[in-house]
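Hi everyone, thanks for coming. Please get the viewer open on your screens, and I'll talk you through today's protein step by step.

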Amino acid sequence: MLCCALFTESWYSASLCCVVPPGCPWLWDNLTCWQPARVGEVVVVSCPELFIQFMSEEDDELGKVSRNCTEDGWSETFPHYVDACMFDEPNGTHEHPDMYYVSVKALYTVGYSTSLVSLCTAMVILCRFRKLHCTRNFIHMNLFVSFILRAISVFIKDGVLYAEEDSNHCFLHTVECKVVMVFFHYCVLSNYFWLFIEGLYLFTLLVETFFPERRYFYWYTIIGWGTPTICVVIWAVLRLHFDDIGCWDMNDNAGIWWVIKGPVLASIMINFVLFIGIIIILVQKLQSPDIGGNESSIYLCTTECRQPKCVRLARSTLLLIPLFGIHYTVFAFSPEDVSKRERLVFELGLGSFQGFVVAVLYCFLNGEVQSEIKRKWRSWTVNRYFAVDLKHRHPSLASSGVNGGTQLSILSKSSSQIRMSSLQPTQSNPNLPNP
């Protein structure tokens, strides 16, 4: 069932299991759900969709496999899945699909784990230092939370739905797994919407002269967390009434699936437009006489151009790509049956590291964050130094329970009093020169 986990995560659909009157009981063979049939009946099904990854481009449709319902039960598949659903490589060998999906799953597990650790660390840093509390960082923090929830939801989904490789997916339709799928879709939608809000905030900041950030942040919060709630609730109600089959991890009903897929594509498209608009604004600002640029130095990164301007524009562009999720536009509007293998690797494998990249760029490498950490480190070092120094020079203060910070304040007050007393004779004698 690993393939089902990957397809669910990457917005693909697969065939659902159905139940019809008895004969031979319905059967799940870890690849296909076989409907019940009467004795003597032959059931023919298409190859599972996962085999599309391993078909030649000349094949227009999937192959067929069949089973015969006998008095002794189901017969073996004819032809075998490997013979009917896979094509020969030039060397005459078959590529096994399980190894491919195991590799993709291992890749995105490492990616989400790395992102989860780095994002939690970034959240602690931004929450710990009060000087970093501003609207921009509040938006970053909400984006970090959405990435954290997305990673957690992926791990929960894999743990609940696909903990056992031989789990009978035909019977998996508990309330627990449906709640997990609702939570998973909410986390993914929230992540896309907070990527959209990052783009909207930066674009508004560049366009508007007077920008009431606090009032706008209230609406950003409603859009980022409220809109996905509405979409997921509508999707869950429609699934419950019109497509309550299985664990809701398959999406055969395209109309209902567009309740989730539509807002995702809309956010990707709008963010791409905002990205282009912001790049144009950055080019215009670098082209402004106030910055000291000229028209040719902006568009041509050659030896004649001023290196800082080209580097600044290129760096700004590269920094915005992971923040806006621009890489999602590569496959966002292409048909779902095109380049599925590359799509899985790109969206699941590489996309799982997006949270890590965002945390590094907008927290660990942020100049304000680094300055605040250095300032706190210097303060802690000075306090520790004076605490140790006073412990050796004034044991009575150390034994009285006065901490290093209090001792430092005592020293500061005493030094200021000494400085004031030394200045008084100087001010009382006008014949002495001023310092």
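Let's begin with one word we will need: a residue is called buried when its relative accessible area is under 20%, exposed when it is over 50%, and partly exposed in between. By that rule, 41% of the 435 residues of this protein count as buried. Please keep in mind that what you see is a predicted model.

Now the overview. The protein has 14 helices and five strands. If we take contacts between residues at least 6 apart in sequence, 69% of them join residues at least 24 apart. As for the outside, the protein exposes about 23700 Å², and carbon and sulfur atoms supply 62% of that area.

What does the UniProt record say about the chain? The unreviewed entry lists several stretches under "transmembrane region", among them 138-156 and 345-365. We can look at those two in the model. Residues 138-156 are 100% helix and 0% strand, with the end C-alpha atoms 27 Å apart. Residues 345-365 are 81% helix and 0% strand, and here the end C-alpha atoms lie 27 Å apart.

Let's turn to the strands. Three of them make an open sheet in the order β3-β4-β5, with antiparallel pairing. Which strands stand at the edges? These are β3 and β5; each has a single partner strand, so one side of each is left without a neighbour in the sheet.

Look at how the strands are joined. Strand β3, residues 42-46, runs antiparallel to strand β4, residues 64-70, and five bridges connect them. Along that pairing, V45 stands opposite V65 in β4, and S46 stands opposite K64. On the other side, β4 pairs with β5, residues 73-74, over two bridges in the antiparallel sense. T70 has G73 in β5 as its bridge partner, and the two strands form a hairpin with two residues between them.

Here is a handy idea for reading a strand: in a regular strand the side chains alternate between the two faces of the sheet. Now try it on β3. Its covered face has V43 and V45, while V42, V44 and S46 are on the uncovered one.

Next stop, the salt bridges. How many does the structure hold? There are five. One of them is between the side chains of E368 and R136, with 2.7 Å from N to O. This pair links distant parts of the chain: E368 sits in helix α12, residues 367-393, and R136 in helix α4, residues 135-161, and they are 232 residues apart. Are these two buried or exposed? E368 is partly exposed, with a relative accessible area of 43%, and R136 is partly exposed too, at 29%.

A second salt bridge joins R375 and E372, again with 2.7 Å from N to O. Those residues are three apart in helix α12, so about one helical turn separates them. R375 is partly exposed at 32% relative accessibility, whereas E372 is buried at 7%.

A further salt bridge is between K157 and D158, where the closest N and O atoms are 3.2 Å apart. K157 counts as buried because its relative accessibility is 0%, and D158 is buried as well, at 8%.

Let me show you two more buried residues. C231 lies in helix α6 and has a relative accessible area of 12%, so it is buried. Which residues does it touch? Leaving aside neighbours within four places in sequence, C231 is in contact with L189, V259, I260 and P263. You can also find K261, which is 30 residues away from C231 along the chain, with 9.9 Å between the two C-alpha atoms.

The other is W248, in the loop between α6 (213-242) and α7 (254-287). W248 has a positive phi of about 65 degrees although it is not a glycine. With a relative accessible area of 5%, W248 is buried.

To finish, let's go to the surface. M269, I270, V273 and F333 make a nonpolar surface patch of about 390 Å². F333 is found in the loop between α9 (307-324) and α10 (340-350). F333 counts as exposed because its relative accessibility is 51% and exposed means over 50%.

That's my tour, and I'm happy to take questions.

Note on methods:
Residues are numbered from 1 along each chain as its sequence is written. This is a predicted model: local features need pLDDT of at least 70, side-chain atom pairs count only at pLDDT 80 or more; totals for chains, interfaces and linings use all residues. Side-chain values use heavy atoms; hydrogens and water are left out. Helices (H or I, at least four residues) and strands (E, at least two) are DSSP runs, numbered from the N terminus. Buried means under 20% relative accessible area, exposed over 50%, partly exposed in between (1.4 Å probe, protein chains only). Contact means heavy atoms within 4.5 Å. Accessible areas come from the Shrake-Rupley method with a 1.4 Å probe; for residues, only the protein chains shown count as cover. Patches are made of residues with over 30% relative accessible area and no salt bridge: like charges are joined within 9 Å, nonpolar side chains (Val, Leu, Ile, Met, Phe, Trp, Tyr) within 5 Å. A salt bridge is a side-chain nitrogen of Lys or Arg within 4 Å of a carboxyl oxygen of Asp or Glu. Two strands pair if DSSP finds at least two bridges between them. UniProt positions are given in the numbering used here, feature names are shortened, and annotations may be inferred rather than shown by experiment.
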